[in-house]
Amino acid sequence: MTDSTSLEKADRFIGDDSLSDLIFDNIPDYAFIKDDQLRIVKANDAFCSMYPEEAREKIIGYTTLDSYQPEEVEEFIKDDKKALETGYAECLEIINFPDGGVRTLFTRKKRFYDAKGATFILGLSSDVTEREHLVAQLKRSNEALDEFAYIASHDLKAPLNAISKLVTWIDEDYGDELPEGAKENFDLIQQRVSRMSKLLHDLLIYSRVNRKHSENETFEFCEFTKEIYDSIDIEAKLKLECTSLIVTLPKTALEVVTRNLISNSLKHHDCENGSLIIHVKESAKEYEMHFIDDGPGIPPEYREKVFEMFQTLKPRDQQEGSGMGLAIIKKVLNHYGGSVDIVDSNVGTEFVLKWPKVDTRVNPN
């Protein structure tokens with residue numbers, strides 16, 4: 001049954017300016033409307049609060065541009081004109097407010113027309129000062145951590161190499177004379193030195209991801225992949241199949257990713273013979289790569305965790321590795337605006353990589 005009373009109430013809202021005024025005035029963002037001469041014709045209380053009380057009489061009907069710095073005025077006019085011409089503009093801007101405060105605003109401007117066909121811009125500015133401050137803090141912290149990892153791993157390599165040489169010399173000169181128990185411990189020392197060397201090597205790669213940018217190159221993907229496969233010094237052999245396609249990607253960064261994924265399949269495969277299939281397909285926006293092996297697979301409950309640093313599915317005494325290979329892959333993909341996921345597969349493991357064609361690096365030069 002129709003509620004005629006409710007319909008009557010609803011009809012009263014149509015064309016009721018008091019409702020739109022109520023909504024406009026209570027928007028928490030700074031809201032304003034400009035005409036095609038860039039004069040403010042309407043502003044909510046939050047917008048007016050940016051101005052000293054004595055200046056608020058000269059907001060409506062004015063451009064208020066004389067309240068801002070010349071370079072800010074230039075940006076305002078540029079974005080206003082863009083919104084008038086194209087229908088929409090947005091920007092992140094640091095503004096010296098007329099009341100003396102300095103805030104960071106994310107501003108969106110949208111063109112609209114009134115019933116008589118006159119052109120206006122609706123502007124909404126969100127105060128993102130605290131968010132941007134936290135983002136800047138996080139960026140500095142990450143840069144400091146990368147710097148520490150780089151310096152620590154780089155500086156530790158020299159003494160570790162010296163230890164490795166000493167161990168090798170002792171083994172060569174006195175290995176046969178060591179008692180059985182000492183020989184066993186000596187082998188463990190060599191194993192730990194090798195593991196530490198691999199860990200430092202991977203730490204260096206990890207810390208360099210955001211330090212060095214690999215430029216796009218055009219190359220044949222299958223040939224590139226086979227060269228990497230042949231260069232990996234791991235005994236297990238898999239039958240490799242890959243897509244033949246000319247791609248344009250940051251080759252050095254892709255090599256880091258491909259080398260780690262192939263090594264991962266070779267190292268963890270539980271049979272003498274198996275297969276590794278690498279598919280790549282191209283769309284208008286990105287390359288999508290599938291690395292599919294027929295090894296033991298990764299249980300669903302570990303598919304997120306394996307991308308964290310120092311994570312291994314087996315104890316390191318059973319399976320040597322730094323536990324950083326997949327963390328490196330994820331960091332590289334994130335850096336270039338891509339993604340890596342493990343998807344359900346009937347047999348083995350299937351990694352899906354998405355690498356955008358447009359350069360969306362986090363820290364482009």
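Contact here means heavy atoms within 4.5 Å. Helices (H or I, at least four residues) and strands (E, at least two) are DSSP runs, numbered from the N terminus.

The model before us is predicted: local features need pLDDT of at least 70, side-chain atom pairs count only at pLDDT 80 or more, and totals for chains, interfaces and linings use all residues. Residues are numbered from 1 along each chain as its sequence is written, and side-chain values use heavy atoms, with hydrogens and water left out.

I begin with the sheet. Its 5 strands are ordered 7-9-10-12-11, and the sheet is open with mixed pairing; two strands pair if DSSP finds at least two bridges between them. Strand 7 (237-242) and strand 11 (339-343) form the edges, each pairing on one side only. From one strand to the next, the twist averages 15 degrees. Strand 9 (residues 273-282) and strand 10 (residues 286-293) are antiparallel partners over 7 bridges, with L276 opposite D293 in strand 10.

I turn now to helix 9 (residues 325-335). This helix lies across strand 11 and strand 12 (350-356), at about 25 degrees to strand 12. Its axis and that of helix 6 (residues 180-208) come within 9 Å and cross at roughly 10 degrees. Helix 6 is therefore roughly parallel to helix 9, a term for angles under 35 degrees. Axes are lines fitted to C-alpha atoms, for helices over the stretch in contact, and angles run from 0 to 180 degrees between N-to-C directions.

Which residues in helix 6 meet helix 9? They are D202, I205, Y206 and S207, which meet A327, I328 and K331 in helix 9.

Terms used:
Parallel < 35°, antiparallel > 145°, perpendicular 65-115°, else oblique.
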